[in-house]
Amino acid sequence: MDFALSSDQLEIRDLALKFARNEMIPHAQEYDEHGKFPAEIFKKAWELGLINSCIPAEYGGSGFSGVDGVIIGEALAYGCMGMNTSFMANDLALLPIVIGGSDAQKKKFLTPFTEQFKIASFCLTEPENGSDASGIKTQIKDGGDHWIINGDKMWITNAGFADLFVVYGTIDSSLKHKGISAVVVEGKTPGIELGKKEDKMGHRSSDTRGVKFNNVKVPKENMLGKPGEGWAIAMSTLDHSRPLVASSALGGAQRAMDLSIQYSKERIQFGVPIAKHQAVQFMIAEMGMKIEAARLLVHKAAWLCDQGKKNTEVASYAKAFASDSCMQITTDAVQIYGGYGYSREYPVEKLMRDAKLIQIYEGTSQIQRLVMARELLK
Amino acid sequence: MNIFVCVKQVPDTETKIIPTSDGSFIETASIKWIMNPYDEYAVEQALLIKTSNPAANVTVVRLGSVKDTEALRTAMAMGADDAALIEAPDNLDSYSIAKALKGAIDKSGKKPDLIFTGKQAIDDDALQVPQILAEMFNFPSVSVIVGFEQSGTTIKVKREVEGGALEVYEVSTPVVLAANKGLNTPRYASLPGIMKAKKKPMLQYSLGDVGVSDADRRVKYSGFKLPPEKPPGKKFDATDAAKQKEVVAQVVGLLRTEAKVI
Ligand SMILES: Cc1cc2nc3c(=O)[nH]c(=O)nc-3n(C[C@H](O)[C@H](O)[C@H](O)COP(=O)(O)OP(=O)(O)OC[C@H]3O[C@@H](n4cnc5c(N)ncnc54)[C@H](O)[C@@H]3O)c2cc1C
């Protein structure tokens with residue numbers, strides 16, 4: 001057994017962390033305050049090869065493993081969890097193509113993302129179906145030589161900037177999950193109607209919107225797999241993407257701990273740095289313990305996936321544990337900063353707001369526990 | 001065109017420096033090494049030239065202990081073509097370093113047109129290698145450069161002088177140029193660049209290979225120790241108007257007798 005990262009992975013991590021420190025952290029507060037989409041930073045990260053880590057080498061990608069992906073994800077989230085949501089949504093949207101696409105579809109849809117800076121959106125959630133995704137109502141109808149899509153999507157990350165949408169719908173809602181299918185929709189296709197940008201608690205720089213599909217026509221060859229195979233593709237996507245989302249929580253938690261350690265050594269109360277007070281030390285110890293455990297889970301969940309082994313259960317452990325820990329750790333970071341922590345002039349309140357989302361998207365912490373229990377009680 | 005860039009590997013600026021127990025050098029085992037920040041401008045300038053002149057070859061040269069070759073790998077990941085490493089202790093003096101760098105450049109068999117360095121290394125701050133190197137080659141040299149323009153063999157460089165004024169020099173190649181902050185914005189090594197760098201050639205030499213022996217040492221270090229810790233500052237309370245005269249007299253007295261600054 002070897003817990004060490006390879007020298008390649010250390011270099012990848014160092015580059016991503018350098019990028020996070022120099023290009024993300026100095027701007028995070030401003031983008032958060034104004035809810036500004038980080039287009040230039042996103043593009044710069046793409047130029048360095050930090051985006052779309054899921055694209056295989058044969059389609060022009062860097063050929064990173066899942067473990068490489070979570071190493072990059074953690075480092076970028078260290079810079080800003082909100083910006084990283086925009087970055088990560090590309091992988092989330094491209095993964096169904098990597099997993100369920102034919103060779104021709106991969107060439108057509110993935111390779112352009114390696115040649116030019118492009119943005120993608122993953123459209124599963126609907127206004128009335130979040131956790132209960134198998135109940136989605138978006139219709140995918142056979143129109144002869146094309147598919148016709150009709151329906152409402154909700155909470156779609158990157159929607160306002162997307163060059164490509166991967167849309168889940170049903171060919172027949174009475175079939176429940178057996179009717180679910182996935183199609184690739186190019187951004188400029190007529191009939192796509194974007195909602196207003198959501199005014200969110202955290203991850204404010206990421207672009208989140210409702211998207212309506214009104215008689216949107218896409219070529220037959222844009223369906224991933226066969227009609228009805230969308231659910232299997234979506235579930236497999238989650239096995240790959242949950243470790244990635246968990247890595248984002250890990251990066252945010254690490255940043256909260258680093259800031260807490262620094263501040264607690266500087267802030268003097270009762271004549272000593274607050275780091276000398278045992279109650280503060282215990283909060284920091286708890287942070288270190290949770291981060292170490294979460295990192296092991298995240299790396300293992302990604303590693304299992306790389307080995308081609310089933311990781312559903314561990315991916316849920318990683319996602320729930322890392323995001324719940326991130327929530328606790330960022331809350332304690334605010335506690336350690338005291339009144340200053342509650343002010344927007346200091347960086348920790350943003351971390352606390354950002355942490356909350358990671359317990360919600362990609363399956364809430366409750367849904368993760370349902371998955372774990374289902375696997376354990378099988 | 002052959003461009004050489006001399007890069008040094010220095011402790012990360014956040015490193016806590018600890019002298020070895022015998023005082024002969026600093027503890028290096030736990031240091032995180034980075035490329036000397038001024039050398040990044042030197043590498044970037046060489047790469048900018050390569051962009052407009054793809055036939056140019058950029059070689060990075062480093063002297064130091066082999067342990068890891070962070071600086072050379074970073075330079076190659078940024079886009080340098082090849083590298084040479086001279087394996088040597090990290091605490092050589094400027095003269096030996098310059099002689100070794102010249103030895104390695106000579107050994108490459110490529111006639112240098114441009115040699116870039118940083119204006120100084122942030123570890124020992126000796127600020128001597130570029131000038132000694134230029135003397136050894138009998139090349140002109142300009143240090144602290146913040147601007148670079150080339151037309152053929154003529155190079156126009158801007159150099160920063162005290163007070164923010166700029167001096168403009170025209171020199172002809174071959175030349176040694178030492179870069180300052182502001183010359184350009186160093187690029188990041190991209191991930192594909194990092195992967196490609198692993199396949200780029202890196203020659204390794206010993207000090208003997210490049211013609212340097214112990215007799216070349218001009219400076220011998222007698223010991224390394226941390227600067228004495230600063231005593232805590234003194235505070236004087238002059239909020240009470242009636243006592244101000246007395247406090248001022250006390251401060252002036254201490255500045256004379258204790259701090260000896262007036
Ligand atoms: C900022 C943001 C970005 C997002 N980006 C995307 C995106 O790009 N693409 C996309 O498709 N979706 C996206 N989502 C949607 C996200 O995945 C859903 O919000 C999430 O799955 C929860 O669904 P819901 O909001 O409908 O909550 P609900 O499903 O209504 O859940 C409400 C509460 O009930 C609990 N609950 C529900 N069912 C159960 C159960 N069976 N047992 C126990 N508890 C239960 C939940 O845990 C939760 O606490 C995004 C959401 C947000 C907020």
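Colleague: Which domains does the domain assignment give for chain B?

Modeller: The model is a predicted one. For chain B, the assignment lists two stretches of residues, and these are domain 1 (2-216) and domain 2 (229-262).

Colleague: What distance separates the centres of domain 1 and domain 2 of chain B?

Modeller: Each centre is taken over C-alpha atoms. Between the centre of domain 1 of chain B and that of domain 2 of chain B, the separation is 48 Å.

Colleague: Where in chain B does Pro174(B) lie, and what kind of peptide bond joins Thr173(B) to Pro174(B)?

Modeller: Pro174(B) belongs to the loop between strand 9 (166-172) and strand 10 (175-179) of chain B. Most peptide bonds are trans. The bond between Thr173(B) and Pro174(B) has an omega of about -5°, and it is cis.

Colleague: In chain A, is the phi of Phe270(A) positive or negative?

Modeller: Phe270(A) is in the loop between strand 9 (268-269) and strand 10 (272-273) of chain A. Most residues other than glycine have a negative phi. Phe270(A) is not a glycine, yet its phi is about 55°, which is positive.

Colleague: Turning to the ligand, which pocket does the ligand sit in, and which domains of chain A supply at least three residues each to the shell around it?

Modeller: The ligand is placed in the second largest pocket. At least three residues of its shell come from each of two domains of chain A, namely domain 2 (120-227) and domain 3 (231-376).

Colleague: How many residues of each class are in the shell around the ligand?

Modeller: There are 18 residues around the ligand, and Thr125(A), Ser131(A), Trp155(A), Thr364(A) and Gln366(A) come nearest. Strand 3 (146-157) and helix 11 (365-376) of chain A each give at least two residues to the shell. Sorted by class, the shell has 9 nonpolar, 7 polar and 2 charged residues.

Colleague: Which residue has a side-chain N or O atom 2.7 Å from an oxygen atom of the ligand?

Modeller: Backbone atoms come into it too: a backbone N or O atom of Phe122(A) is 2.8 Å from a nitrogen atom of the ligand. A polar backbone atom of Trp155(A) is also 2.8 Å from a nitrogen atom of the ligand. The side-chain atom at 2.7 Å from a ligand oxygen belongs to Thr364(A).

Colleague: What percentage of the ligand's accessible area does the protein cover?

Modeller: On its own, the ligand has 980 Å² of accessible area. The share of that area covered by the protein is 65%.

Definitions and conventions. Residues numbered from 1 in each chain as written. Chains lettered and ligands numbered in written order. Predicted model: local features only at pLDDT ≥ 70, side-chain atom pairs only at ≥ 80, totals over all residues. Heavy atoms only, no water. Near = heavy atom within 4 Å. Polar contact = N/O pair within 3.5 Å; in protein donor to acceptor, adjacent residues only side chain to side chain. Areas by Shrake-Rupley, 256 points an atom, 1.4 Å probe, with all protein chains shown as cover. 1 Å grid on protein atoms, 1.4 Å probe; cavity = no way out; pocket = protein on both sides within 12 Å on 5 of 7 lines; lining within 4 Å. Sits in = over half its atoms within 2 Å of the grid points. Helix = DSSP H or I, 4+ residues; strand = E, 2+ residues; numbered from the N terminus. Nonpolar A, V, L, I, M, F, W, Y, C, P; charged D, E, K, R; others polar. Domains from an automatic or database assignment.
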